[in-house]
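Biologist: Mind if I quiz you on the labels you put on this one? I'd like to hear the reasoning behind each.
Modeller: Go ahead, here it is.

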Amino acid sequence: MNIPAQPFGFDLDLAHAALVIIDMQRDFVEPGGFGETLGNDVSLLQAIVPACQAVLQAWRRAGGLVVHTREAHRPDLSDCPPAKRLRGNPSLRIGDEGPMGRILVAGEPGNQIIDTLAPLPGEIVLDKPGKGAFYATPLQNLLEQAGVTQLVFMGVTTEVCVQTSMREANDRGYDCLLLEDCTESYFPHFKAAALEMVRAQGAIVGWTAPSAALLPALAPR
Ligand code: TIU
């Protein structure tokens, strides 16, 4: 079905598409996590949760493949480059003990996907040490095994992990659609710029559309 999108319609083929939800984990959307340690107001990100829930529910009902990612490091931090841990002057560094457990460490309370978007059994959940969902993860293999050629993106933050993941996907040959009201940044002007740069130059990275444009394609018929 053709989804009204920018810069032109996106031909969704649900049987060969996956919904990729980037890093909707407590670290980024709740106080006391990695996002806040970097000096951000994390409350901004909570506004997208209802729209993400609506899409996730509709996507599941339509029988589509779902991939959740978490930005996460091993407890021994062997997959966290010192350059990432030591950069800047955060209030807590990756691996430090925070109010939701060790910052950005797999298995800690802060590293869990928020309850309202919690994965269901059978859905793919990937821990990724970088910003991109393909770097040092089995994502490409999993998508190839599933015959997926199109990716619909939601999650946070728009210009960091979402955009990096879309650029990685684009270079690997996937058609990528970013849902405008299902992604957010700590910096509204960065979100606006990221949406524009994704779809500029004839969808140089991919398409953008509001979730309302996708939902009819997922409705039972
Ligand atoms: N800081 C920021 O905007 N984002 C991240 O560090 N990671 C993700 O975007 N997931």
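Biologist: Where does alanine 136 lie?
Modeller: In the loop between S7 and helix H5 (139-145). Bear in mind that this is a predicted model.

Biologist: And what makes alanine 136 exposed?
Modeller: Exposed requires over 50% relative accessible area. Alanine 136 has 55% relative accessibility, so it counts as exposed. Its phi is near 60°, a positive value in a residue other than glycine.

Biologist: Which other residue has a positive phi although it is not a glycine?
Modeller: Leucine 104, with a phi of about 60°. That one is in the loop between strand S6 (101-102) and strand S7 (124-128).

Biologist: Is leucine 104 buried or exposed, and how do you know?
Modeller: Buried takes a value under 20%. Leucine 104 comes out at 0% relative accessibility, so it counts as buried.

Biologist: What about serine 185: why is it called buried?
Modeller: Its relative accessible area is 0%, under the 20% cut-off, so the label is buried. Serine 185 sits in the loop between strand S9 (175-184) and H7.

Biologist: Which side chain does the side chain of serine 185 make a polar contact with?
Modeller: That of glutamate 159, at 2.9 Å. The cut-off for a pair of N or O atoms is 3.5 Å, so 2.9 Å is within it. A polar atom of the serine 185 side chain also lies 2.8 Å from the backbone nitrogen of phenylalanine 187. Glutamate 159, for its part, is one of the buried residues of H6.

Biologist: How do you know that the length of H6 agrees with a helix?
Modeller: Helix H6 (residues 158-171) has 14 residues, and at 1.5 Å a residue it should span 20 Å. The end C-alpha atoms are 18 Å apart, which agrees. After H6 comes glycine 173, with a positive phi near 95°.

Biologist: What precedes threonine 157, a cis or a trans peptide bond?
Modeller: The bond from valine 156 to threonine 157 is cis, with omega near -15°. Threonine 157 is in the loop between strand S8 (150-156) and H6. Another cis bond runs from glutamine 6 to proline 7, with omega near 5°. Proline 7 belongs to the loop between strand S1 (2-3) and strand S2 (10-11).

Biologist: Which residues are around the ligand?
Modeller: Valine 156 and threonine 157 are among them, and so are Lys131, Val160 and Cys161.

Biologist: What makes the approach of threonine 157 to the ligand a polar contact?
Modeller: A polar side-chain atom of threonine 157 lies 2.8 Å from an oxygen atom of the ligand. The limit is 3.5 Å, so that pair qualifies. A side-chain N or O atom of lysine 131 is 3.2 Å from a ligand oxygen, and a polar backbone atom of cysteine 161 is 3.1 Å from one. The protein covers 93% of the 280 Å² of accessible area that the ligand has on its own.

Biologist: Where does the ligand sit?
Modeller: In the largest pocket.

Biologist: Last two: why are valine 198 and serine 211 called buried?
Modeller: Valine 198, in helix H7 (residues 188-203), has 1% relative accessibility and so counts as buried. Serine 211, in helix H8 (residues 211-218), has a relative accessible area of 6%, so it is buried too.

Conventions
Residues are numbered from 1 along each chain as its sequence is written. This is a predicted model: local features need pLDDT of at least 70, side-chain atom pairs count only at pLDDT 80 or more; totals for chains, interfaces and linings use all residues. Side-chain values use heavy atoms; hydrogens and water are left out. Helices (H or I, at least four residues) and strands (E, at least two) are DSSP runs, numbered from the N terminus. The expected span of a helix is 1.5 Å times one less than its number of residues. Buried means under 20% relative accessible area, exposed over 50%, partly exposed in between (1.4 Å probe, protein chains only). A residue is near a molecule or strand if one of its heavy atoms lies within 4 Å of it. A polar contact is a pair of N or O atoms within 3.5 Å; within protein, one must be able to donate a hydrogen and the other to accept it, and residues adjacent in sequence count only if both atoms are side-chain atoms. Accessible areas come from the Shrake-Rupley method with a 1.4 Å probe; for residues, only the protein chains shown count as cover. On a 1 Å grid over the protein atoms alone, a cavity is a set of points where a 1.4 Å probe fits but cannot get out, and a pocket is an open set with protein on both sides within 12 Å along at least five of seven lines; lining residues have an atom within 4 Å of a point. A molecule sits in a cavity or pocket if more than half of its atoms lie within 2 Å of its grid points.
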